[in-house]
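Okay, thanks for coming, everyone. I'll put the structure up and then talk through the empty spaces, the packing and the domains.

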Amino acid sequence: MNNDNLRFQVRQLSLDNDDLMLNETLFHNANGYLGVRSNFEEGYPDGYLSIRGQYINGFYDFAEMKQAEKLYGLVEEKQTMLNVADTQGIKLYINGEEFSMFDGEVVESSRTLDMGRGWSMREVLWRSPEKHEVRITVKRMASFHLLPLFTIEYEVESVNFDGELRLVSTHIGNVQNYFNPNDPRVAGETFQYILPVSAEFVGETSLLVSNTSKSGLQVASAVRHECSKAGQESRFIEDGTAIYEWKTELAPGEKATLVKYTVLSDSIRSASCRDEALKLMERVSAIGLNRLYEEQEKYLTEYWENCAVNIYGDDELSMAVYFNLYQLIQSVGKDAYSNIAAKGLSGEGYEGHYFWDTEMYMMPFFSLTNPEIAKSLIRYRHNILDQARDHARLMGHARGALYPWRTIMGKECSGYFPSGSAQYHINGDIAYAIITYYLLTKDTELMLECGAEILFETARLWLDAGHEHKGKFHIHNVTGPDEYTCLVNNNYYTNVLAQYHLQWASKFYHLLQEQDSGAFSKVIGKIGLTEAEIAAFREAAERMYLPYDEELDINPQDDSFLSKKKWDIAGTPKDKFPLLLHYHPLYLYRHQVCKQPDTVLAHFILEDAQKLSTIRNSFNYYEKITTHDSSLSTCIFSIMASKLGLHDKAYEYFGESSKLDLFNTHKNTKDGIHAANLGGTYMAIVYGFGGLRVKEQGLFIAPALPDLWEGYDFKIRFEDSLIQIVVRRGAFEVLLLKGTTKEIHIYGEKHTLKDRLQVELK
Ligand code: BGC
């Protein structure tokens, strides 16, 4: 592992507004519980836009979502992730001159994200209008050791300044969320979701408590300061804002440091969040900043030890991959109340909602490298199973559960059902992820605790959503992953996934019964599952209709897809992309045009359902009509290009996926990272170049090496083992780092992995 690639740095910061907002995202600090955008502590001058935010994963308010027509069952209330407080504020004055990046002269400036140590840093050498020079170094951390904790270490070193240094630090409870009425991917209007209840100092700690406007939740934020040298400190509350001021003297060459600790606590996780925040702050004080930095590094050393993917001979790509994997551990919820929002905790795009993105794009990474986290993601889905049952009833189904397309606390949040609730495949996605987790871990205990119940309840839904027609099982009026084609009959992706889901529901019925009949009967007793239903699952799976076009030897995306007019992608002006921002949905639906892989994705996850020629022809067919307007697209095309031996193409798609956020290629990283794509980059290496597949028959690998690389390596967990794959030009090695002997299929042939295998590269 090359530690240099764990430091991402931007030098000489641009003060262009777009770059500022982009950096707020790229350098944000998060730990799966809280996330803080990397705003300048001192703020920007008037007229600059900023998304200044501090979020808690899974903490939300309800917001009205007006529907023009009052049709039955349309969602009229959504959840939205809240900006909970602003504890970032610190203003610096030297002899009364206020520090600003927009005033005086910024002689040097940089931002660094240290992914090995787990902090971000801004360094500025500033010359004030009066020609006083100070070096300002601000280090920020969202602690992995204590999830409710965020720290700012603000250091001022005098170069030639002699005089009074004053730091004014604010703790604000009266905050709002960002909105943009012109972009459907962020909230369209503003509202006062957070209602301040109290603001006080308890000893040296400021403590603010706020209620949400409708969801009945409460949040507390506590802030405490530590200053490095004697001076004058004052603390007071002004208009609900807690203010801390520190005045001291500074001489040339001297340093003064202020440490600002923030602790957040919420009523979802704690009975009294005010008391909890105070208690946690006491704990933080006892630990101290240096120990917290040590713990942070320890956590990340272990993290990288388990999951790092190294690319030899391409440092830029290597860093992009580390960046992406770092964002995943920053984003993932680590308790049953939270999941992974589409933008992680880096911004308000998609309002903090969880989608199928988790199960199909990010969970593979966790199941392969960190099964404990994958387990927690499954528990989250179990936690909202009752709401999924209610949702199924609302959608007209008497039995089973239907997961919401987008949600925080379990209720559906998609206002536009054709590309929202109609995406029934989410049930199959969740089932697929649970099955893969099981195949990797053989964790029967988790299946009995919650996995099986989810799997059975969601499988039930297919029986009611579909029906028999001329001896085949059809599923009508659903939307597949591609959101440019909505409400169709027999979407191939949905049907083939439902088939797999139903087959596995039946397999688990027998498997779990054999493993632990006592615990199993409790599960089926709870949901009243019968042998007759299992037989119906099997029958529906056997009869599942999978669209196939003999002439083209492809799987049509759905029944009507091939009869539509083809969209002329090459002839569409560049400024008309993404199409969703320029064309009415209905117009898009009338064309053969895909926002993202649909059938191609199905061919990746269930490759044994079709012959290779169909997979190849389908790839060629859909590639020509896919715009990749969704960030969930290029990674899958990369994986499938690898499978089909189209190595240059695989590499090109991989490059697009891996650099999407770091190089802001979709031009909207300011709203937050694209979390699914980050997981997709990982998959493009491990499943794509590495050729990994996880099946009932075991592990399969078929490595290939892109021409421009010298090699790469990755590690995966399989049952009790830790396996490393090291690919170099000419040959690759499979190393059993921990655990017992394993069977592994390499290029289709079975091998026994005792401690090390060396195989020629194809
Ligand atoms: C994609 C969806 C995805 C959502 C959130 C949309 O643009 O089409 O597949 O779930 O973004 O990332």
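So, the second largest cavity holds about 40 Å³ of space. Around that cavity you'll find Thr80, Met81, Asn177, Tyr178, Ala187, Glu348 and Glu351. Sorted by class, that lining comes out as three nonpolar, two polar and two charged residues. Keep in mind that what you're looking at is a predicted model.

How many cavities of 30 Å³ or more does a search of the whole structure find? Five. The largest cavity has about 70 Å³ of space in it. Its lining is made up of Phe27, Ser38, Asn39, Glu41, Arg111, Thr112, Ser120, Met121, Arg122, Val138 and Arg140. Three strands each put two or more residues into that lining: β8 (105–114), β9 (119–127) and β10 (133–142). Of these, β9 has the largest share, with three residues. As for chemistry, we have four charged and four polar residues around the largest cavity, plus three nonpolar ones.

Now, from cavities to a pocket. In the second largest pocket there's about 530 Å³ of space. It takes 29 residues to line this pocket, and the ones nearest its centre are Tyr432, Tyr500, Ile605, Leu606 and Lys695. Which elements give two or more residues to the lining? They are the helices α5 (357–369), α8 (425–441), α10 (492–515), α14 (599–605) and α18 (675–689), together with the strand β24 (693–695). The top contributor is α10, which gives six residues. By class, the lining of the second largest pocket has 17 nonpolar residues, alongside seven charged and five polar ones.

Okay, packing next. The largest nonpolar core has 212 residues, and the members that touch the most others are Tyr154, Trp304, Trp356, Tyr361, Phe366 and Phe456. Both domain 1 (3–303) and domain 2 (310–354 + 658–762) supply at least three residues to this core. There's also a separate core of 22 residues, including Leu149, Val263, Ala277 and Tyr293.

Let me zoom in on Tyr154 for a second. Leaving out residues up to four places away in sequence, Tyr154 touches Glu41, Ile90, Leu92, Phe99, Ile136, Thr137, Val138, Leu167, Ala256, Thr257 and Leu258. Two of those names, Glu41 and Val138, came up a minute ago in the lining of the largest cavity.

On to the domains. The assignment gives two, domain 1 at 3–303 and domain 2 at 310–354 + 658–762. Taken over C-alpha atoms, their centres are 32 Å apart. What about the contact between them? On the domain 1 side 47 residues take part, and on the domain 2 side 38.

One last residue, Asn339. Where does asparagine 339 sit? In the loop between α4 (315–331) and α5. Is asparagine 339 buried or exposed? Buried, because its relative accessibility is 0%. Setting aside neighbours within four places in sequence, Asn339 is in contact with Asn57, Ser331, Val332, Gly333, Tyr354, Thr358, Leu377 and Tyr380. And α5, at one end of that loop, is also one of the helices that line the second largest pocket.

That's my tour, so over to you.

Note on methods:
Residues are numbered from 1 along each chain as its sequence is written. This is a predicted model: local features need pLDDT of at least 70, side-chain atom pairs count only at pLDDT 80 or more; totals for chains, interfaces and linings use all residues. Side-chain values use heavy atoms; hydrogens and water are left out. A nonpolar core is a set of buried Ala, Val, Leu, Ile, Met, Phe, Trp, Tyr and Cys residues joined through side-chain atoms within 4.5 Å. Buried means under 20% relative accessible area, exposed over 50%, partly exposed in between (1.4 Å probe, protein chains only). Domain bounds come from an automatic or database domain assignment. Contact means heavy atoms within 4.5 Å. On a 1 Å grid over the protein atoms alone, a cavity is a set of points where a 1.4 Å probe fits but cannot get out, and a pocket is an open set with protein on both sides within 12 Å along at least five of seven lines; lining residues have an atom within 4 Å of a point. Grid points are joined across faces, edges and corners, and a volume is the space filled by probe spheres set on the points. Helices (H or I, at least four residues) and strands (E, at least two) are DSSP runs, numbered from the N terminus. Ala, Val, Leu, Ile, Met, Phe, Trp, Tyr, Cys and Pro count as nonpolar, Asp, Glu, Lys and Arg as charged, and the others, Gly among them, as polar.
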